[in-house]
Amino acid sequence: MGVLDGRTALVTGAGRGIGAAVAEGLAAEGATVLVSDAGVAVDGTGHDAGPAESVAEAINQRGGKAFADTTDITDFAACEDLIARAADTLGGLDVVVNAAGILRDGMVFKMTEQDWDAVVAVHLKGTFNITRHAAAWWRENRGGQYRLINFTSMSGLQGAPSQPNYAAAKMGIVGLTFSCANALRNYGVTSNAIAPIAGTRMTQGIKGGGSMDYSDSNVRLSPKNCVPPVVYLASAQSDWLNRRVIFAGNGRISLMSNPVIEREIVSASGTWDIPTAFAEIESSFKEAILWPNIFDKPPAK
């Protein structure tokens with residue numbers, strides 16, 4: 001008996017890496033899974049049915065139940081067909097996991113419009129396309145325990161310097177996730193995001209990764225280590241958890257804080273003059289910003 005027996009799931013980007021590990025993990029716990037992957041290269045070019053078919057076949061050979069799909073998630077109408085087909089093929093649609101992604105890295109002053117558009121189209125628009133049609137299906141089929149699980153990234157949460165397109169899309173996914181959490185909860189849907197860290201083909205090009213060893217030999221960064229919190233979110237047991245980001249990987253599962261007011265200055269009159277605002281901002285905010293993220297240099301001792 002698995003914790004997801006009787007539940008159904010659609011996973012995008014499920015032909016390789018973290019998406020494949022998620023699809024296999026959900027199936028191992030009893031879910032019937034639609035493995036969706038267009039089989040593109042890391043930069044989004046090409047098309048290959050092989051990855052999705054291979055993962056689905058592996059699941060079925062291990063006694064699970066899976067079907068393969070190669071929908072282009074950047075196509076709005078095609079995603080509408082995919083959701084309808086998924087619900088029909090699986091016998092319902094309890095869980096949607098948006099894990100598809102591509103990379104086209106470059107510093108912001110060198111990035112082309114094409115590279116920006118391609119990455120945003122897959123990550124942000126693709127997540128919207130799937131979510132929009134799944135949400136419509138959930139609204140029409142109320143009464144379930146539905147789960148929307150979107151993949152964000154520490155690249156967005158921390159601001160990777162060579163990934164402005166990827167970072168922007170991934171932070172956009174956080175906003176979409178939070179909006180869906182507020183909009184869909186009355187239809188039995190929870191909406192959360194996963195920020196993973198794992199060694200995949202998308203991390204193979206990382207140079208000078210600091211203390212991180214992204215090689216296949218580092219079991220701590222196996223994509224499988226990102227799966228347990230996804231399985232939990234996909235379960236009926238997680239109905240209390242909504243509008244949050246979960247970090248997963250490297251032996252850690254972390255609940256990230258949602259944006260909150262850290263410090264605040266208030267004018268008694270309701271207005272500010274420039275000199276007073278300058279003085280109050282520096283005296284109240286400056287000491288709170290010491291070493292905000294992993295890309296900053298530590299403060300001098």
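What radius of gyration would a compact globule with 301 residues have, and what radius of gyration does the protein chain have? A compact globule of 301 residues would have a value near 19 Å, and the protein chain has 21 Å, which agrees. The structure discussed here is a predicted model.

**The chain as a whole**

Along the principal axes, the C-alpha atoms of the protein chain fill a box of roughly 70 × 45 × 35 Å. Its secondary structure consists of eight helices and eight strands. Among the contacts in the protein chain with a separation of 6 or more, 69% are between residues 24 or more positions apart. Of the 301 residues, 46% are buried. The protein chain exposes about 15,500 Å², and carbon and sulfur atoms supply 53% of this area. The chain carries 25 positive and 30 negative charges, and the mean positions of these two groups are 4 Å apart.

**Strand S6 and its partners**

Strand S6 covers residues 189-196, and eight of its eight residues are buried, so the strand is largely enclosed by the rest of the structure. The residues of S6 point in two directions. Val-189, Ser-191, Ala-193 and Ala-195 point one way, while Thr-190, Asn-192, Ile-194 and Pro-196 point the other way, and all are buried.

S6 is joined to strand S5 and also to strand S7, as the table shows.

| Strand joined to S6 | Residues | Bridges | Direction |
|---|---|---|---|
| S5 | residues 146-151 | six bridges | parallel |
| S7 | residues 245-249 | four bridges | parallel |

Individual residues can be matched across these pairings. Tyr-146 stands opposite Val-189 in S6. On the side of S7, Ile-246 is the bridge partner of Ile-194.

**A residue in strand S2**

Which strand contains Thr-32? Thr-32 lies in strand S2, which spans residues 32-36. Is Thr-32 buried or exposed? Its relative accessibility is 15%, and buried means under 20%, so Thr-32 counts as buried. Leaving aside neighbours within four places in sequence, Thr-32 is in contact with Arg-7, Thr-8, Ala-9, Lys-65, Phe-67 and Leu-90.

**Summary**

The predicted model has a radius of gyration of 21 Å, in agreement with the value near 19 Å for a compact globule. Within the protein chain, S6 is largely enclosed because eight of its eight residues are buried. S6 runs parallel to S5 and parallel to S7. Thr-32 in S2 is a further buried residue, at 15% relative accessibility.

Methods
Residues numbered from 1 in each chain as written. Predicted model: local features only at pLDDT ≥ 70, side-chain atom pairs only at ≥ 80, totals over all residues. Heavy atoms only, no water. Rg over C-alpha atoms; globule rule 2.2 N^0.38 Å. Buried < 20%, exposed > 50% of the residue type's maximum accessible area, 1.4 Å probe, protein only. Contact = heavy atoms within 4.5 Å. Areas by Shrake-Rupley, 256 points an atom, 1.4 Å probe, with all protein chains shown as cover. Lys, Arg positive; Asp, Glu negative; His and termini not counted. Charge placed at Lys NZ, Arg CZ, Asp CG, Glu CD. Pairing = 2+ DSSP bridges.
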